[in-house]
Structure formats: structure tokens, C-alpha cells
Amino acid sequence: MSQFRTFETTYAGGKLVIETGKMCGLSNGSCLVRYGETVVLCNVTASQKPREGIDFFPLSVDFEEKLYAVGRIPGSFLKREGRPTDKAILASRLVDRPIRPLFPKDMRNDVSVVMTVMSADPDYSPEIAGMIGTSIAISISDIPWNGPIGGANVGLVDGQVVINPNAEQRAKSEMSVTVAATRQKIVMVEAGANEVPEDVMLDAIIKAHEEIKGIITFIDGIVAEIGKPKFTFESMEVDHDLFEAIKAFAIDKVKYALDTDDKNVRDARLAPVVDEVTAKFTEEYPDLAAQIPEVMYKLQKYVVRRWLLDEGKRVDGRGIDEIRPLSAEVGLLPRVHGSGLFTRGQTQVLTIATLGQVRDAQILDGIDEAESKRYMHQYNFPSYSVGETKPSRGPGRREIGHGALAERALEPVIPSVEEFPYAIRMVSEVLSSNGSTSQGSICASTLALMDAGVPIKTPVAGISCGLITEGDRFMTMVDIQGLEDFFGDMDFKVGGTHKGITAIQVDIKIDGLTPEIIKEAFEKTRKARLYILDEIMAKAIAEPRKELSKYAPKMLTMKIDVDKIREVIGQGGKVIQKICAECDVKIDIEEDGSVFVSSIDIDNARRAIRVIQTIVMDPEVGAFYKGKVTRLMNFGAFVEIAPGKEGLVHISKLDTKRVEKVEDAVSVGDEIVVKVTEIDQQGRINLSRRDALLEMEAKKKQ
């Protein structure tokens, strides 16, 4: 405990306390972050040397939600946390993206980051606490890193930018933006927004950066006091002489191979070049043969970047601000509720919309306050989409992240449950991938929603912007394809409407972005987005269809008094089960009295609504009902005028003529029209078939 240190500051109005030296003494770096009543334990460890055959930097980042953090026991059979929730995976990616570019490019030692949420205060974001804690843990460790970074959430409440908004402010905020930055530059932006204009978004990002600079100063002070010297590592930088030799031999062949807009042609041209280079230089440089694949990667990167920076030339021959050929279609699949196909160059995404009951909403079991999700977006990226053979193993972190981005982009335009009482599931199937599939899924999903007849507020489109930097020089290009993403410095994804931005995700491979770069990216993506919306998507389908698919459930909704819920459900669920069976419907009843009735046949749904209305409306003297005879007695017949509600028709009131025996007039199961003649003090209902028949006959004569 002699190493125990506590560091304290105020961050966006909240108390931030960092504890080190008390826990996790075997980690390379560790700290406990207390932000409000949120507590996150952050640890980073590194291997002493690289694994054999590793040609990339093996960084793993895990954000572990513990349900004890919110005083809950897991709902699974095992009663322990299982696989991470989607939200935890997204939080892991949120931290991974800003820290990864700041590690040395030539380091291959395994590095593992684990953030464990031990206490969660809704007013203080565990994700921000985890990001700051991770930055501190790496900074004070002996692991080489070019940090630190800081992070902030940004909201827009009543037109004012709010840093790290609390739960009440988040509920009213027009946007939710997470910004990570070093002292000099922005290193990550993740955003969801209700059609916020680009200039407002840029202002919010800049204000977040100013706040983050204070945290960077705080972290620098911690490092100065307890930071460890950084260890030396075995550099995996390729040999300069080998690179120059291969460059001289193969650069023209590589240029020819890359100079095409067809990924299949490019791969076919490159394969023999790689084989030729491998055979020649394995013999000439036997001790460096393992570096040849890395050299070929760097040579391709060199060619693409020189074309862009020096010649303004793109691999497929497009202009810098030119979008690849586009097309959009709807209604491709006859039995689904809605479908949309969006194609951009060799990137192609098919999204399918499925409508369900409100009860089909996804149940959430995480540490935040959300319990369910009515609008769901899932993204699948099969190996055939990139021409590879690989078994399907379910969605990975990338698929979950891309699905969440598309979901975030479309969520602001989804109608409320009161306007459209359905659960909505979107599935984006990537059919072909050559860059920007996540943005293609936004466009395809908008098409599918409108094809399904979902009354979205306005269409949404997505587009990405790339970046190449060299010293102080930079250039951006719109609609990057796979090679430009692979060899470039940024993938700046923006989804939005005519009015403004609904989602942002920024991935970078350099030490950060300046406000000038971000502003230029916003302008280019805005122009491209408007073109896609007006010239491509609007021509495929201009507005949501007026009617749902005949295969989609038809949903009706009503509101009943909460005191009547028990009557509609009945003892042991008998009443509601009877309505469902007789009307061929499904019924959901919420605690607030909201009733949702669904059926493939709208007439059945209407019939069920009428039955429920009958149950919840107290019978009135003089009202007519069509009921079913349930029991016969010597003195009359009992008639069920609504599920669970019976009245007595006395034998003298069974017909317009005299009835000697009840059986002479009616039988059990008969449906008859009756009139309510009396409701006594005990709530018993007296009915008359005689009065109903006489009045019906009188109306006919009129």
C-alpha cells in the first residue's frame, strides 16, 4: 500500500478521482476511476515479446459490464454474466478506436485493455470514465504509447452545448456525441443526433476538445509523478534496403495491377506480381523473406497515396469528389414486409424490414436504464461479399458496430409507438463489399422502411469521406472504396437527412484530425448525401407506401383504464385467450393500459378491439348487445354480452310471445341481440330479448 496514490480534479462539473497503487499490482498499468458514483477499474498488460508470425499489432480492448454495478442479479440460468452485451461491445470499440493509432506502428507485442464497471451512476458515463481510466493506465505503464487522450460526451439541450450531460439532460438532448482527443487533435468522434446541422456539430466537437485539454493536463501531472519508463521492443519495421529493392523491381507492375475499378481484376493482377516478388527476393534476401508480405503491402500503400497526393488520381479513375455509380431498388422479395437494395460501385447491400408486435421488442439486460429496444438493426457481413471462403461464426464486433451505426442513423426518423405501434427489425445483408458497407446499409434500410410502409419522418442516406496526410499537407476524397480505406488515414462516416446529421463514426489511423479536416469532411459528405437522397433514392421510392404488405401483421391500438386490465385478461388469462382464439389475433397489454392488437386480417383486429371496448365499457341501461347464451335455467337464460360479463334474460323477456319453457326459445351457444334494462345495486345485469326484438321491428317499419 506504500504505492497508493489518489489524484482528484473536477471534470465538467463532476468530481473525478483516480486511485493507483492499491489494486492490481501485477498489471503493467492500473487505476480505479471514480466519477460521481460511477467506478471503473482499468488495467493494461503487455507481453514481453511478440508471438511468432504476427504481422499486425495485437490489441484487445474489453469493456466488462457487471450487473452488480447496478444492484441486479443476471437473468440467465447460470446467474452470471455471459457474452458481452452489444452496448458493452460498442463501448469497447469506442475506446479501441482512439487508442490504437497512438501505439508504435512497428510494435507487435500483445496489449490487453480491460475496463470493469463496478458501480454505475446514470449521471456519470461509465464509458467516459473507462476511456479516461484506460488513457491513464497506459500512460503510467511501461508500454510505449503516444498518448494521453481524454474523452467527453456532448449533448445539445435547449440549444446549448452540454459537456457530459446527466441522465435528465440526455433524455432531452438533441444529440449524443462522444469525442476523444489528444491535446492537439481529435482522434475519434461517435455521434447520434436528431438532424443537427453540420456547423452546430462542429462547434460541439470543438467545445468538447477544449474541455478535454484540461483532462490531458491532469493526466500529464499523474504521469510526471508515477509514470514508469517505457520498455524497448523489437521493431517490426521492414528493412529499408529490401523495400527499395522490391520497389525498383515491382512498382510499375503494382501500378498496373491497382489501376482498375474492379476489385476482382485488381486481385487477379496482383497475385502473379506477389508470387514473382516472393520467389525472387526470398532467394536474394533469405534472412528477410518473412518481411516480403509487409513490403508488398507498403508498396501498394505508397502507390495509392502518391497517386492521391501528387496527382489527384484515384484508383478507379474518379474525381476526388465523384461518387461511384449508384442504383436503388425496392420490393425485391415478395413475402417479406419490405426490402431495399442499394448499390454503390462494387458495394451492395440488401436490407429487409420485418414488422412485429410490440412484444417482439428486444429485451435488454445491461447496466444502463434501457430495458427494451423496439427498433432493431442488424448487419451481416458474409465472407462471399469479399470473395473469400470462411465459415460463418455469427456476428463479430465489426458487424455489431456497423449495425449499431445504421440503427443510430435511422432512429431519429422512426415514428413513435403511438404513431406506428410495431416493433421493427431491419437486417442488412452485405452482398458485395468494396468499402462503405455501413453507409450502404443506411441507404438500403431507408428504402426498405419506406417499402414496408413505415411512416418515417424523412429519408436518411449515408456516405463516407477519406483522408490522406503527409506532414502539414492533407486531402480528402468522398465515397472511399476499400483500397482507399485500407491505405488511407481516415474513414469519416456521416449519415443524415436533408436537414442535418443523424449519425457519425470516425475511424483514423493517424495521430488525429484538425478542425479544418473535420469541417471539410462535413461539407463533402453533406453535398454527397443530398445527391444520393434526391437523385437516386427518391427515384426508387419517394415516400413510404400507404399500405403495409399483405403479409405484415395489421396493428390496432387503444387505451384502457388500468383498473380494467384485470377484466380484459381474466382469471388465469381466460378472457384474453378467448378473444385471441375467437378473433384470430394477438394482444399485448402494457402496464399503462395501452392495448395492441395484431392480426394478418385487419377485420379480425377490429373485431377484437370491439370486444375489448365492450369489456372495459360499463354496460348502460338502454344499450344493445349481441351476446351468446351460456346457461339455461328454469327462470331464464344467462347471456354473455362480453367476455366475463353476463346478464340474465328472464323467461318473460325471451320473446315477443309467451314462452312456456326456456328451451323453446333459445339454446346454449345461440347468439342473440339483447337490451340492458336494469343494473342493480350489486352490479347484476338484467337483459331483455323481447324489448330488443320489438325495437328492431319498429325501426324496420320506419
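Buried means under 20% relative accessible area. At 0%, Asp479 therefore counts as buried in this predicted model.

**Figure 1. Asp479 sits in a loop with a positive phi.** The loop runs between β19 (473-478) and α10. Phi of Asp479 is near 55°. Most residues other than glycine have a negative phi. Asp479 is not glycine, yet its phi is positive. The relative accessibility of Asp479 is 0%.

**Figure 2. Two aspartates, Asp485 and Asp491, carry a UniProt annotation.** The record, an unreviewed entry, labels both "binding site". Such annotations may be inferred rather than shown by experiment. Asp485 is found in helix α10 (residues 482-487), whereas Asp491 is placed in strand β20 (residues 490-496). Asp485 touches Asp491. Ile480 is in contact with Asp485 and also with Asp491.

**Figure 3. Surroundings of Asp485.** The view shows its contacts beyond four places in sequence: Ile480, Asp491 and Lys509. Asp485 has a relative accessible area of 25%, and so it counts as partly exposed.

**Figure 4. Surroundings of Asp491.** Its relative accessible area is 7%. That value is under the 20% limit, so Asp491 is buried. Leaving aside residues up to four places away in sequence, Asp491 touches Ser464, Cys465, Ile480 and Asp485. Gln505, Val506 and Asp507 are also among its contacts.

**Figure 5. Strand β13 (residues 347-356) is largely enclosed by the rest of the structure.** Of its 10 residues, 8 are buried. Strand β13 pairs with β12 and with β17. Both pairings are antiparallel. Strand β12 (residues 338-344) is joined to β13 by 7 bridges. Strand β17 (residues 423-432) is joined to β13 by 9 bridges. One bridge partner pair links Ser339 to Ile352 of β13. Another links Val349 to Val430 of β17.

**Figure 6. The hairpin of β12 and β13 has 2 residues between its strands.** Gly345 takes a positive phi near 60° in this hairpin. The strands run antiparallel.

**Figure 7. Ala12 has a positive phi in a loop between two strands.** The flanking strands are β1 (5-11) and β2 (14-20). Phi of Ala12 is near 50°. This residue is other than glycine. Ala12 is partly exposed, with a relative accessible area of 29%.

**Figure 8. A cis peptide bond runs from Gly147 to Pro148.** Omega is near 5°. Most peptide bonds are trans. Pro148 lies in the loop between α2 (126-140) and β7 (150-157).

**Figure 9. Setting of the close-ups within the whole protein.** The protein has 16 helices and 29 strands. Its C-alpha atoms fill a box of roughly 115 × 65 × 45 Å along the principal axes. Of the 702 residues, 52% count as buried. Among contacts with a separation of 6 or more, 69% come from residues 24 or more positions apart. The accessible surface comes to about 32,700 Å². Carbon and sulfur atoms account for 50% of that surface. The protein holds 90 positive and 106 negative charges. The mean positions of the two sets are 4 Å apart.

How values were computed. Residues are numbered from 1 along each chain as its sequence is written. This is a predicted model: local features need pLDDT of at least 70, side-chain atom pairs count only at pLDDT 80 or more; totals for chains, interfaces and linings use all residues. Side-chain values use heavy atoms; hydrogens and water are left out. Buried means under 20% relative accessible area, exposed over 50%, partly exposed in between (1.4 Å probe, protein chains only). Helices (H or I, at least four residues) and strands (E, at least two) are DSSP runs, numbered from the N terminus. Two strands pair if DSSP finds at least two bridges between them. Contact means heavy atoms within 4.5 Å. Accessible areas come from the Shrake-Rupley method with a 1.4 Å probe; for residues, only the protein chains shown count as cover. Lys and Arg count as positive and Asp and Glu as negative; His and the chain ends are not counted. The place of a charge is taken as NZ of Lys, CZ of Arg, CG of Asp or CD of Glu.
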